[in-house]
Amino acid sequence: MALNTLVYGSVLQKKLDAAATKTLTSGWMDGNAGQVEYNGGNKIKMPEISTTGLKDYDRDEGYPSGGVTLAYKEYEMTMDRGASFQLDSMDVNETNFIVNATSVTGEFQNEHVIPEIDSYRYSKLYALLKAADRATPYTADEKTVMDALLSDVAKVRDEVGEDIPLVVSIAQPVKTKLELNDKFAKLLNVADFKSGEINTQLKQINNCFLKPVPSSRMKTAYIFKDGKTEGEKEGGFAPADSAKQINWIITVQTAPIAVTKQDKMKIFDPDTYQKGDAWFIGYRRYHEVWLPENRYKKCWVNAEAEA
């Protein structure tokens with residue numbers, strides 16, 4: 001039985017990973033994780049490089065000396081989340097376990113895991129950029145939404161130039177308003193968007209990829225329930241009472257860095273699991289997203305005004 005449970009765990013994990021790749025709207029941020037050095041615990045390190053500028057060339061002495069500094073800054077991982085499920089052995093025998101477990105874990109992933117990861121990432125990016133004065137307060141309106149978006153894009157373009165593609169993570173209802181604007185069709189084209197090994201086609205305007213996101217995942221603040229506190233025992237997450245709608249987040253594709261250090265499925269069969277005559281499924285996800293300070297200027301956020 002032990003061998004079977006290992007195989008089942010591997011099969012289920014592959015199914016979860018495949019589903020996440022397709023439906024996690026912020027999955028492209030994981031492609032930047034190669035910049036991270038992880039040595040265990042809750043800390044990671046990222047390199048920060050700085051150099052001195054140009055100096056006058058000396059025709060006698062030759063090249064003027066320059067300097068380069070390479071330092072590693074520590075960042076902390078905070079989102080350590082998990083859940084477990086039991087499938088009674090009388091309801092599930094070994095032969096049909098994988099079918100039932102796939103249904104349970106698939107529902108769990110689609111309804112809870114993926115929306116929570118997206119929501120955490122977007123709300124954290126909003127908080128960082130808002131604190132850095134890289135935010136515009138705005139209530140989306142069909143007549144003005146195109147001008148508002150292009151105005152925010154221009155603020156990022158002023159820092160990074162015209163040639164670098166930008167990613168605009170945009171709330172779906174706001175994208176719909178944008179598509180109804182008279183100017184939209186004149187600027188629209190479709191282009192390939194590469195995220196790791198995944199290639200998709202996205203609508204693009206002015207060299208900006210439009211990445212639609214369900215509006216429920218783009219709130220300015222969430223409560224991530226701990227499962228212990230009164231009123232939070234059911235777990236999951238929900239928008240904070242003060243939350244407002246994020247309209248869009250504009251970034252250079254390489255700016256936000258998302259990392260998952262534990263995405264693991266553990267399964268015990270009824271003979272091994274000691275707390276009941278049941279199959280046990282345990283899931284844990286240890287993840288985080290960061291935006292290094294030197295990349296703030298490459299990003300902009302637009303959201304409804306806070307009270």
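**Figure 1. Strands, and where Leu70 sits.** Strands here are DSSP runs of E, at least two residues in length, numbered from the N terminus. By that count Leu70 belongs to strand E3. Keep in mind throughout that this is a predicted model. As for its surroundings, Leu70 comes out at 53% relative accessibility, so it counts as exposed; the cut-off for that word is over 50%.

**Figure 2. The whole chain, before zooming in further.** The chain carries 5 helices and 15 strands. It runs to 307 residues, and 41% of them count as buried. Take the contacts with a separation of 6 or more: 76% of them link residues 24 or more positions apart. The accessible surface adds up to about 16,600 Å², with 50% of it belonging to carbon and sulfur atoms.

**Figure 3. A three-stranded open sheet, E1-E2-E3.** Here 3 strands line up in the order E1-E2-E3, with antiparallel pairing, and the sheet is open. E1 (37–38) and E3 (68–76) are its edge strands, each pairing on one side only. Look at the E1 end: E1 meets E2 (residues 43–51) in the antiparallel sense over 2 bridges. One residue pair to pick out is Tyr38 with its bridge partner in E2, Ile44.

**Figure 4. A nonpolar patch on the surface.** Ile49, Val68, Leu70 and Tyr72 together make a nonpolar surface patch of about 450 Å². The biggest giver is E3, which supplies 3 residues. Leu70, the exposed residue from the opening view, is one of the patch members.

**Figure 5. His287, tucked into strand E14.** His287 lies in E14, which covers residues 278–290. With a relative accessible area of 1%, His287 is buried. So who surrounds it? Setting aside residues up to four places away in sequence, His287 touches Met77, Thr78 and Met79, then Ile117 and Tyr120, and finally Val259 and Thr260.

**Figure 6. Strand E15, covered on both faces.** E15 spans residues 299–303 and is mostly covered, with 5 of its 5 residues buried. In a regular strand, side chains alternate between the two faces of the sheet. Along E15, Cys299, Val301 and Ala303 point one way while Trp300 and Asn302 point the other, and all are buried.

**Figure 7. The pairing partners of E15.** Which strand pairs with E15 in the parallel sense? That is E5 (residues 135–137), and the pairing runs over 3 bridges. Within this view, Thr136 stands opposite Asn302 of E15. E12 (residues 246–252) pairs with E15 too, but in the antiparallel sense and over 5 bridges. There, look for Ile250, standing opposite Trp300 of E15.

**Figure 8. Ile250 and the largest nonpolar core.** The largest nonpolar core has 48 residues, and those touching the most other members are Leu149, Leu166, Val168, Leu178, Trp248, Ile249 and Ile250. Helix H3 (residues 145–160) gives the most to this core, with 7 residues. Zoom in on Ile250, again leaving out neighbours within four places in sequence: its contacts include Leu149, Asp152, Val153 and Val156. Ile250 is also in contact with Leu166, Val167 and Val168, as well as with Lys298, Cys299 and Trp300. Elsewhere there is a second, separate core of 13 residues, with Ala101, Ile114, Ile117 and Met265 among them. Ile117 may ring a bell: it is one of the residues that His287 touches.

Note on methods:
Residues numbered from 1 in each chain as written. Predicted model: local features only at pLDDT ≥ 70, side-chain atom pairs only at ≥ 80, totals over all residues. Heavy atoms only, no water. Pairing = 2+ DSSP bridges. Helix = DSSP H or I, 4+ residues; strand = E, 2+ residues; numbered from the N terminus. Patch = residues over 30% accessible without salt bridge, like charges linked within 9 Å, V, L, I, M, F, W, Y side chains within 5 Å. Areas by Shrake-Rupley, 256 points an atom, 1.4 Å probe, with all protein chains shown as cover. Salt bridge = Lys/Arg side-chain N within 4 Å of Asp/Glu carboxyl O. Buried < 20%, exposed > 50% of the residue type's maximum accessible area, 1.4 Å probe, protein only. Contact = heavy atoms within 4.5 Å. Core = buried A, V, L, I, M, F, W, Y, C linked by side-chain atoms within 4.5 Å.
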